[in-house]
Amino acid sequence: MPRQTSSKPRILIVLHQENSSPGRVGHMLLEEGFELDIRRPPLGDTLPETLDGHAGTVVFGGPMSANDEDEFVRRETNWLEIPLKENRPFLGICLGAQMLANHLGGKVEGHGEGLVEIGWYPLKATEAGKQLMHWPEMVYQFHREGFSLPRDATLLATAETYPNQAFRYGDNAWGIQFHGELTRVMMQRWVVRGAHRFELPGAQPGRDHLGGRLIWDMHLKRWLDEFLRMIFGKPEAR
């Protein structure tokens, strides 16, 4: 895939399906003045051997598990050594956070009682999280597995069913279990394509996904904007 040259700093965007989108994360980064370098490893895209040409990385979610034996899952998980070693800003969302947890020696697995988080659920910041910023009280989830907290990582936010919701590792690596990136169109698509999962224990019916968005999404969007600015800063500052 050809890469266009530009004077703008680039953020490496890692997606896992042909029609996946970086959603609001992509919109916000573009508005801040970054350029997006989108790669899809499951479709054969490579990942860079160094992030010298990038201002950071975002690895998004997907329907696969971080424990899958697919070649691209192992390759991506091992590749995380690069942003960690080079101390470049990194954000893992859902699957991306679980890959980071696996890479750091944590464990990714389902809930002991088979519960899932699919819909809107309460979030509670830890003391370390509160020192960083104000967190939303409700967040959107769409997962059947969670992760243990890696050694030397700092827990930033927690919840009842899956207690590890957000963490920081070192100076520049962040992982969040929940989704702030969904536009309305993306959520509608997820609700339609993922409807078969609403029967799983702990999942919410589709109407609650869209109804909850009307109440809580503006708070989640405001948090996401502040969170991305904290991680990636402004291009001119780089």
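Analyst: Happy to walk through this one with you. A residue counts as buried under 20% relative accessible area, as exposed over 50%, and as partly exposed in between. Please keep in mind that this is a predicted model.

User: Is Leu15 buried or exposed?

Analyst: Leu15 sits in the loop between β1 (10–14) and α1. The cut-off for a buried residue is under 20% relative accessible area. Leu15 has 1% relative accessibility, so the class for Leu15 is buried.

User: How far apart in space are Leu15 and Asn67, C-alpha to C-alpha?

Analyst: Along the sequence, 52 residues separate Leu15 from Asn67. From C-alpha to C-alpha, the distance in space is 17 Å.

User: What separation do the C-alpha atoms of Leu29 and Phe232 have?

Analyst: Leu29 belongs to helix α1 (residues 23–32), and its relative accessible area of 2% makes it buried. Phe232 is among the buried residues of α7. The two are 203 residues apart along the chain, yet their C-alpha atoms are separated by 8.8 Å.

User: Now for the opposite case: is Val192 buried or exposed?

Analyst: Val192 is part of helix α6. Exposed means over 50% relative accessible area. With 64% relative accessibility, Val192 is therefore exposed.

User: And what separates the C-alpha atoms of Val192 and Gly33?

Analyst: Along the chain, Val192 and Gly33 are 159 residues apart. In space, their C-alpha atoms are separated by 33 Å.

User: Why can α4 be called largely enclosed, and how many of its residues are buried?

Analyst: Helix α4 covers residues 95–103. The buried residues in α4 are Leu95, Gly96, Ala97, Gln98, Met99, Leu100 and Ala101. The helix is largely enclosed by the rest of the structure because the buried count, out of 9 residues, is 7.

User: Which residue just after α4 takes a positive phi?

Analyst: Just after α4, the chain takes a positive phi of about 95°. The residue there is a glycine, Gly105.

User: How is α7 bent, and on which residue is the kink centred?

Analyst: A straight helix of 27 residues would span 39 Å, whereas α7 spans only 33 Å between its end C-alpha atoms. There is also a kink of about 60° in this helix. The kink is centred on Trp216.

User: Which residue with a positive phi follows α7?

Analyst: The buried residues of α7 include Leu228, Ile231 and Phe232. After α7 comes a residue with a positive phi near 65°, and that residue is Gly233.

User: What is the volume of the largest pocket?

Analyst: The lining of the largest pocket has 29 residues, and the closest to its centre are Gln17, Gly62, Pro63, Trp190 and Arg197. By class, the lining divides into 9 nonpolar, 13 polar and 7 charged residues. The volume of this pocket is about 740 Å³.

User: Which element gives the largest share of the lining of the largest pocket?

Analyst: At least two lining residues come from each of α4, β8 (138–143) and α6 (184–193). The largest share is 4 residues, and the element that supplies it is α6.

User: Which helix gives the most to the lining of the second largest pocket?

Analyst: The second largest pocket has a volume of about 180 Å³. Its lining has 5 nonpolar, 2 polar and 3 charged residues, among them His134, Met138, Trp216 and Trp223. The helix that gives the most, with 5 residues, is α7.

User: Is Asp152 buried or exposed?

Analyst: Asp152 lies in the loop between β9 (145–147) and β10 (154–158). Its phi is near 70°, a positive value in a residue other than glycine. With a relative accessible area of 63%, Asp152 is exposed.

User: What is the relative accessibility of Asn87?

Analyst: Asn87 is in the loop between α3 (81–86) and β4 (90–93), and its phi is positive, near 55°. Asn87 counts as partly exposed because its relative accessibility is 37%.

User: Which residues does the UniProt annotation "domain: Glutamine amidotransferase" cover?

Analyst: Over the annotated stretch the chain is 22% helix and 29% strand, with its end C-alpha atoms 12 Å apart. The annotation comes from an unreviewed UniProt entry, and it covers residues 28–183.

How values were computed:
Residues numbered from 1 in each chain as written. Predicted model: local features only at pLDDT ≥ 70, side-chain atom pairs only at ≥ 80, totals over all residues. Heavy atoms only, no water. Buried < 20%, exposed > 50% of the residue type's maximum accessible area, 1.4 Å probe, protein only. 1 Å grid on protein atoms, 1.4 Å probe; cavity = no way out; pocket = protein on both sides within 12 Å on 5 of 7 lines; lining within 4 Å. Points joined across faces, edges and corners; volume = space filled by probe spheres on them. Nonpolar A, V, L, I, M, F, W, Y, C, P; charged D, E, K, R; others polar. UniProt positions renumbered as here; feature names shortened; annotations may be inferred. Expected span 1.5 Å × (residues − 1). Bend = angle between axes of the 7 residues up to and from the residue.
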